[in-house]
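Subject: A structure for you to explore

Hi,

Here is the structure I promised to pass on to you. Please open it beside this email and look for each residue as you read.

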Amino acid sequence: LGNLDFLITGLTGDAWRNTSRLDPEKLNVFRTVREITGYLNIQYWPEHMNDFSVFSNLKRIEGRTLYNRGFSLLIIKNSNVTSLGLKFLKEISDGNVYISDNTKLCYYHTIKWSQLFRGKEQTTDIKL
C-alpha cells in the first residue's frame, strides 16, 4: 500500500466537493495491511474511535515517499485518541515521526522509536 492520508474532509464529507461521509466501519479494511510503502498521515480520526487499532497488524512503514518535511508517520490534532494501537509496528525504514496536538494520547513514550528506525538520521518530534 502506498501513502495513506486521513483528513477531515475525507472522513466527515465535503459538500463543496460533493463527497459523502465515510462510514467508520469501512476503516476495518485496514486491519489486513501489514506494510505501507510510503507514509501514514492521520490528521483526523472518527470521534468515537480512541486509537488506530485498525492498523494493529501494520508491521512496517517504508517511507519510500515522505510527507511534507520528510515524515513517514504523521499524527496530528486527534483530541479523541488515547492510544496509538500500532501494536505490531516493528520498522520505520525511512522518514521521521511527527506527533502533535493529540491532547489525550497516552503510552506513546513506551514505544522505543529509535529501535524502529533503520537510519541514524531519523527523528521523532512528539508534542502533546
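Below is what was found in it, topic by topic. Please keep in mind that this is a predicted model.

**Aromatic rings**

Let's begin with the rings. A pair of aromatic rings is described by the distance of the centres and the angle of the planes. There are eight aromatic pairs here. One of them joins Phe6 and Trp45, with 5.3 Å from centre to centre and 80° between the planes, which makes the pair edge-to-face. Phe6 sits in strand S1 (residues 4-6), while Trp45 sits in the loop between strand S3 (40-42) and strand S4 (60-61), so this pair ties together parts that are 39 residues apart in sequence. Phe6 and Trp45 are both buried.

A second pair to look up is Tyr39 with Tyr67: the ring centres are 5.3 Å apart and the planes meet at 65°, so this pair is edge-to-face too. This pair also links distant parts of the chain, 28 residues apart: Tyr39 is in the loop between strand S2 (35-36) and S3, and Tyr67 is in the loop between S4 and strand S5 (71-76). Are these two tyrosines buried or exposed? Tyr39 has a relative accessibility of 11% and counts as buried, because the cut-off for buried is under 20%. Tyr67, at 24%, is partly exposed.

You can also find one aromatic cluster, formed by Phe6, Phe30, Trp45, Phe52 and Phe55. Phe6 and Trp45, the edge-to-face pair from above, are both members of this cluster.

**A sheet of three strands**

Next comes the sheet. Strands of a sheet pair through backbone hydrogen bonds, either parallel or antiparallel. Which kind of pairing is found in this open sheet? The pairing is parallel, and the three strands come in the order S2-S4-S6. S2 and strand S6 (91-92) are the edge strands, each pairing on one side only. Between S4 and S6 there are two bridges. If you want to see a bridge for yourself, go to Arg60, whose bridge partner in S6 is Glu91.

**Salt bridges**

Arg60 leads us on to charges. Side chains of opposite charge can pair when their charged atoms come close. How many salt bridges does the structure hold? The count is seven. In one of them, Glu35 pairs with Arg60, and their closest N and O atoms are 2.6 Å apart. This salt bridge connects strand S2, where Glu35 lies, to strand S4, where Arg60 lies, across 25 residues of sequence. Glu35 is partly exposed at 27% relative accessibility, and Arg60 is partly exposed at 30%.

Another salt bridge runs between Arg64 and Glu62, again with 2.6 Å between the closest N and O atoms. Here the two partners make a nice contrast: Arg64 is exposed, with a relative accessible area of 62%, whereas Glu62 is buried, with 14%.

Then there is Asp125 with Lys127, where the closest N and O atoms are 3.5 Å apart. Asp125 is partly exposed at 30%, and Lys127 is partly exposed at 43%. Through shared partners, salt bridges join Glu35, Arg60, Glu62, Arg64, Glu91 and Arg118 into one network.

**A buried charge without a salt bridge**

Do take a moment for Asp51, in the loop between S3 and S4. Asp51 is buried yet has no salt bridge. Where is the nearest side chain of opposite charge? That side chain belongs to Arg31 and is 6.5 Å away; a salt bridge needs a distance within 4 Å, so the two do not count as one. Asp51 does have a polar contact of 2.9 Å with Ser53, side chain to side chain. Leaving aside residues up to four places away in sequence, Asp51 touches Trp45, Val81, Ser83, Leu84 and Gly85.

**Two residues with a positive phi**

Last, a look at the backbone. Most residues other than glycine have a negative phi, and most peptide bonds are trans. Lys77 is not a glycine, yet has a positive phi of about 55°. Lys77 lies in the loop between S5 and S6 and is exposed, with a relative accessible area of 56%. Tyr107 also has a positive phi, near 70°. Tyr107 belongs to the loop between strand S7 (96-100) and helix H2 (113-116), and counts as exposed at 55% relative accessibility.

Enjoy exploring, and write back with any questions.

Best wishes

How values were computed. Residues are numbered from 1 along each chain as its sequence is written. Side-chain values use heavy atoms; hydrogens and water are left out. Rings of Phe, Tyr and Trp (its six-membered ring) pair if their centres lie within 6.5 Å; planes under 30 degrees apart count as stacked, over 60 as edge-to-face and the rest as tilted. Helices (H or I, at least four residues) and strands (E, at least two) are DSSP runs, numbered from the N terminus. Buried means under 20% relative accessible area, exposed over 50%, partly exposed in between (1.4 Å probe, protein chains only). Two strands pair if DSSP finds at least two bridges between them. Lys and Arg count as positive and Asp and Glu as negative; His and the chain ends are not counted. A polar contact is a pair of N or O atoms within 3.5 Å; within protein, one must be able to donate a hydrogen and the other to accept it, and residues adjacent in sequence count only if both atoms are side-chain atoms. Contact means heavy atoms within 4.5 Å.
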